[in-house]
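Reader: Please take me closely through one part of this model and show me what it touches and links to. I would like a connected account that then moves outward to the other parts.

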Amino acid sequence: IPRPLPQLIVQAQQRPPLTPTDVKNIATSTVPLAEMRIEQVFGKYVNPRPKLELEFRNKEEMKAYTKDPTIFAFVNNLKPSKVVIGVENDLFKMAPNVMTGPATKVLMAHEVLHTRSAAFSRDIDKTYGKPQSNGQLPTFSDGTRVRNVKEGLTERFTKEMLEINATPADYDKESSWANKVVDIVGDDTAKKAYFSHDPAAMKQVKAAIEQLVIADKLQQREEALPIALK
């Protein structure tokens with residue numbers, strides 16, 4: 001679920017915003033290209049390959065479904081063949097210099113990657129998406145929810161397949177944690193887990209996440225010690 005960078009929203013704009021028709025046309029043309037590119041770059045890892053359909057929703061429909069007006073598009077992990085797109089997102093009007101045609105294509109590529117990693121996402125959500133005894137979801141010390149490592153990996157693979165260094169999505173923290181996971185398990189294992197939900201690879205990825213969670217908590221405790229005890 002990409003959220004465009006808020007710091008890029010500026011007041012003075014000259015570029016006309018994308019219309020709902022523009023968004024539909026961009027999405028319709030981008031999805032098959034993204035599918036093709038995923039096959040070219042990650043094909044040996046990808047399984048399954050759902051046949052995709054697009055569902056376009058207006059502003060009120062997206063708000064009712066997502067509860068977050070900044071969300072442009074999403075994939076339901078229980079229905080990974082469908083990409084839902086909000087064609088009237090306020091960001092098209094608020095930040096037309098950010099939500100351009102090319103930027104929208106990048107965000108769509110991010111969503112198509114989610115359709116190829118639904119089993120991975122379900123597993124991560126099941127493991128890290130339940131509230132703890134304090135009623136809060138598992139979270140790293142910088143505020144990143146542990147389960148959103150999946151978004152960080154999606155960003156990493158979006159950049160890799162498009163050969164770019166940045167995207168319009170606001171997932172810098174999530175990407176940092178995801179990259180740490182890859183540093184531990186290796187690129188091959190991360191892709192086996194993400195794209196095909198390989199059991200052995202998943203075990204290693206979740207062990208790496210646990211390692212990071214523990215190390216992060218220990219770091220917090222150390223930082224909380226009085227100077228005289230450090």
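**Helix H8 and its surroundings**

Author: In helix H8, which spans residues 187-196, the buried residues are Thr-189, Ala-190, Lys-191, Ala-193, Tyr-194 and Phe-195, where buried stands for under 20% relative accessible area, exposed for over 50%, and partly exposed for what lies in between (1.4 Å probe, protein chains only). Helices (H or I, at least four residues) and strands (E, at least two) are DSSP runs numbered from the N terminus. The model is a predicted one, in which local features need pLDDT of at least 70 and side-chain atom pairs count only at pLDDT 80 or more, while totals for chains, interfaces and linings use all residues. Residues are numbered from 1 along each chain as its sequence is written, and side-chain values use heavy atoms, with hydrogens and water left out.

Within H8, Thr-189 has a relative accessible area of 12% and is therefore counted as buried. When its neighbours within four places in sequence are set aside, Thr-189 is in contact (heavy atoms within 4.5 Å) with Ala-201 and Gln-204. Just after the helix, His-197 takes a positive phi of about 55°.

Another buried residue of H8 is Lys-191, which counts as buried because its relative accessibility is 5%. Its side chain nevertheless meets that of Glu-160 in a salt bridge, at 2.8 Å from N to O; the term means a side-chain nitrogen of Lys or Arg within 4 Å of a carboxyl oxygen of Asp or Glu. Because Glu-160 lies in helix H6 (residues 149-162) and Lys-191 in helix H8, the pair ties together parts that are 31 residues apart in sequence. Glu-160, at 31% relative accessibility, counts as partly exposed. The pair also belongs to a wider arrangement, since salt bridges that share partners join Arg-156, Glu-160, Asp-187 and Lys-191 into one network.

The partner helix deserves its own description. H6 has 14 residues and reaches 20 Å from its first C-alpha to its last, close to the 20 Å expected at 1.5 Å a residue, the expected span being 1.5 Å times one less than the number of residues. Ten of its 14 residues are buried, so H6 is largely enclosed by the rest of the structure; among these buried residues are Val-149, Gly-152, Leu-153, Phe-157 and Met-161. Just after H6, Glu-163 takes a positive phi of about 55°. This residue is found in the loop between H6 and helix H7 (172-185), and at 67% relative accessibility Glu-163 counts as exposed.

Further salt bridges can be followed outward from here, for a search of the whole structure finds twelve of them. In one, the side chains of Lys-206 and Asp-123 meet at 2.9 Å, N to O. This pair links distant parts of the chain, with Lys-206 in helix H9 (residues 199-224) and Asp-123 in helix H5 (residues 118-128), 83 residues apart. Lys-206 counts as partly exposed at 23% relative accessibility, whereas Asp-123 is buried, with a relative accessible area of 15%.

In another, Glu-39 and Arg-49 meet through their side chains at 2.6 Å, N to O. That pair again links distant parts of the chain, with Glu-39 in helix H1 (residues 20-42) and Arg-49 in the loop between H1 and strand E1 (53-57), ten residues apart. Glu-39 counts as partly exposed at 31% relative accessibility, and Arg-49 is partly exposed too, with a relative accessible area of 43%. The loop between H1 and E1 also holds Pro-48, and the peptide bond from Asn-47 to Pro-48 is cis, with omega near 5°.

Strand E1 leads on to the sheet, an open one of three strands in the order E1-E3-E2, with mixed pairing; strands pair if DSSP finds at least two bridges between them. Its edge strands are E1 and strand E2 (73-75), each of which pairs on one side only, and the twist averages 20° from one strand to the next. E1 and strand E3 (residues 82-86) pair in the parallel sense over five bridges, with Glu-55 standing opposite Val-84 in E3.

Conventions
Axes are lines fitted to C-alpha atoms, for helices over the stretch in contact, and angles run from 0 to 180 degrees between N-to-C directions.
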